[in-house]
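Visitor: I have a model open and would like to go through its contacts. Could you take me through it?

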Protein chains: 2
Amino acid sequence: MQNQQVLTKNQKIVLDIIEKSSQPLKAYSILFDVKKKGINAPLQVYRALDKLVEIGKIHKIESRNAFIACKNSKCQITKATVFSICENCEDVKEIHDHKLSEHLKHYKDNKGMKYSKYNLEFFGLCKKCIKN
Amino acid sequence: MQNQQVLTKNQKIVLDIIEKSSQPLKAYSILFDVKKKGINAPLQVYRALDKLVEIGKIHKIESRNAFIACKNSKCQITKATVFSICENCEDVKEIHDHKLSEHLKHYKDNKGMKYSKYNLEFFGLCKKCIKN
DNA sequence: TAATTTTTGTTATAATATAACACTATGTAA
DNA sequence: TTACATAGTGTTATATTATAACAAAAATTA
């Protein structure tokens, strides 16, 4: 039910900007965009981002320090994310691959660790960039 | 052969510090440690780190902005890394799992992307931290 | 209502990372 | 061995990413 949580004003503003972007946005670029809406300080943005990540509305692309909306509206999958990143044009897409997810979800090492989360980032060249 | 590359003075100093640590080190903590060896500025550390990552001697833990030595001396596996991270004690280990690597190496999406690299980070609780 | 928790706004600052420039060392090849 | 290219160095300055601390306001709960 966490996903149906009511968002606060700042959270809505920030989420809105991120959802409108097809590509990941950086915190300070979000800040720039929301200044006209009364959000003035980095912390206001970071606090909203933290919350949105926590409830699974957005994901952080760790290798890029950027945030992207989760398209998968049905469930919160903060805990299991896979992205594909073009190293040329920086296009980022979230990957939903059931077989891959299952594989990763059930992964067990021999160290007795209990995993609750993973993040996988694939890097390469997208179709467009291969051609050019 | 890239891995047999001769390292420069700064690269050796930085690598040495990282190899002596069982846990990932942050750039500025490395800087602090190497000041007595004549490295004074962040850039000197970052340049060494960049090179060491490039040749596969160390890896960056993206979610932690920290660097860890690659124990796998035989090959440069900059391009395919898997880590397990304890969210309580922050213990980090590199995972070498042939089956998992094969699975990821051969992963193909339906977008026509050509992948050359991936990074996977598992999060959870290690044996010790589960008990406590 | 009062108490508690969460969110806000704000200022300041910490932590992470790179730009730009002049110089030095090393490798390559004529 | 001289010239040229390439990679690494040292340095100062600055950009980028992120959090601490505190007081006040709003929402929630008892």
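**Strand pairing and DNA surfaces**

Guide: In this predicted model, strand 5 (residues 114-125) of chain A pairs with strand 5 of chain B in the antiparallel sense, over eleven bridges.

Visitor: Which residue is the bridge partner of A:Lys114?

Guide: The partner of A:Lys114 is B:Leu125, in strand 5 of chain B.

Visitor: And how many residues does the contact take from each chain?

Guide: The contact takes 27 residues from chain A and 27 residues from chain B. On the side of chain B that touches chain A, strand 5 of chain B supplies the largest share, twelve residues. That side of chain B divides into twelve nonpolar, seven polar and eight charged residues.

Visitor: Turning to the DNA, which residues are closest to strand D?

Guide: DNA strand D is surrounded by 19 residues, and the closest are A:Tyr46, B:Thr8, B:Asn10, B:Ala41 and B:Leu43.

Visitor: Which helix gives the largest share there?

Guide: Helix 3 of chain B does, with five residues of the surface near DNA strand D. At least two residues each also come from helix 2 (27-34) and helix 3 (42-54) of chain A and from helix 1 (9-20) of chain B.

Visitor: What about strand C, and which residues are closest to it?

Guide: DNA strand C has 17 residues around it, the closest being A:Thr8, A:Asn10, A:Ala41, A:Leu43 and B:Asn65. Helix 3 of chain A gives the most to this surface, with four residues.

Visitor: How do the residues near strand C divide by class?

Guide: The surface near DNA strand C has eight nonpolar, six polar and three charged residues.

Note on methods:
Residues numbered from 1 in each chain as written. Chains lettered and ligands numbered in written order. Predicted model: local features only at pLDDT ≥ 70, side-chain atom pairs only at ≥ 80, totals over all residues. Near = placed C-beta within 6 Å. Nonpolar A, V, L, I, M, F, W, Y, C, P; charged D, E, K, R; others polar. Contact = placed C-beta atoms within 7 Å. Pairing = 2+ DSSP bridges.
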